[in-house]
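Let's walk through this one together, starting from the inside and working outwards. Have a look at the model first.

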Amino acid sequence: MSAGGRETRKRPAFESPARLVSPVGFDPTMKRPASTLAGVVLVYLRVLAGALWLVALWLDHALLADADLKIEGITLTAEDRILVLIVVTVGMGIFLLADAVLGSLILRGRNTPRVIVMIFSTLSICSAFTAWWVQEEDVHLETTLLTVAFDILILLALSSRNSAAYARRFERR
């Protein structure tokens with residue numbers, strides 16, 4: 001028994017999938033749980049980290065110009081390298097903007113953006129593992145380790161029962 005007179009039960013280590021996907025109660029007045037807020041803050045931090053990475057890339061684009069970039073035997077000129085930098089910046093900027101919008105929608109209690117962010121985080125973690133395993137890519141604090149850490153924490157926060165219930169609180173089952 002807890003101090004409030006309610007009986008608290010410990011959650012088992014393993015639960016059946018049927019119990020995990022069981023419907024949540026219809027509760028449109030449910031308050032936003034801390035796990036959802038933490039997940040959104042982590043999504044925004046991931047956006048900020050990506051933006052800082054882009055700024056660092058632009059500030060040190062001489063590093064890109066000095067790099068020996070070859071695409072199937074074709075040597076890139078300085079103009080081509082700048083074009084690559086612009087394409088990477090625009091692509092990454094679009095992705096970061098979409099991530100920020102998804103974070104805002106999660107904060108409002110939408111379920112589909114929550115699932116999209118969790119799927120992306122899963123794919124990101126799997127791609128980092130695959131790069132490490134197959135290509136023997138090094139894991140660095142400022143790159144891979146930081147993104148994988150954000151992705152794992154986002155998954156933990158947004159996959160919680162409270163976050164799922166909050167995102168699905170308007171569903172009638």
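**From the core outwards**

Keep in mind that this is a predicted model. A good place to start is its largest nonpolar core, which has 11 residues: V40, L42, V43, L102, I106, V117, M118, F150, I154, L155 and L158. Who supplies them? Helix 2, helix 4, helix 5 (111–134) and helix 6 (141–158) are the elements that give two or more residues to this core. Helix 6 gives the most, with 4 residues.

Pick out L102 from that list of core residues. Once you set aside its neighbours within four places in sequence, L102 is in contact with P113, I116 and V117. V117 is itself one of the core residues.

Now for two of the core's contributors as a pair. How do helix 2 and helix 4 pack, in angle and axis distance? Helix 2 covers residues 34–59 and helix 4 covers residues 78–107; they pack at an angle of about 165°, and their axes are 9 Å apart. An angle over 145 degrees counts as roughly antiparallel, and helix 2 and helix 4 are therefore roughly antiparallel to each other. Their crossing is left-handed. Sorted by class, the contact between these two helices has 18 nonpolar, 6 polar and 2 charged residues.

Last stop: V139, in the loop between helix 5 and helix 6. Is V139 buried, partly exposed or exposed? Its relative accessibility is 43%, so V139 counts as partly exposed. Not counting residues up to four places away in sequence, V139 touches W132, T144 and L145. Looking back along the chain, V139 and A128 are 11 residues apart, and their C-alpha atoms are separated by 8.6 Å.

Methods: Residues are numbered from 1 along each chain as its sequence is written. This is a predicted model: local features need pLDDT of at least 70, side-chain atom pairs count only at pLDDT 80 or more; totals for chains, interfaces and linings use all residues. Side-chain values use heavy atoms; hydrogens and water are left out. Axes are lines fitted to C-alpha atoms, for helices over the stretch in contact, and angles run from 0 to 180 degrees between N-to-C directions. Angles under 35 degrees count as roughly parallel, over 145 as roughly antiparallel, 65 to 115 as roughly perpendicular and the rest as oblique. A crossing is left-handed if the near helix is turned anticlockwise from the far one by less than a right angle, and right-handed if clockwise. Ala, Val, Leu, Ile, Met, Phe, Trp, Tyr, Cys and Pro count as nonpolar, Asp, Glu, Lys and Arg as charged, and the others, Gly among them, as polar. A nonpolar core is a set of buried Ala, Val, Leu, Ile, Met, Phe, Trp, Tyr and Cys residues joined through side-chain atoms within 4.5 Å. Buried means under 20% relative accessible area, exposed over 50%, partly exposed in between (1.4 Å probe, protein chains only). Contact means heavy atoms within 4.5 Å.
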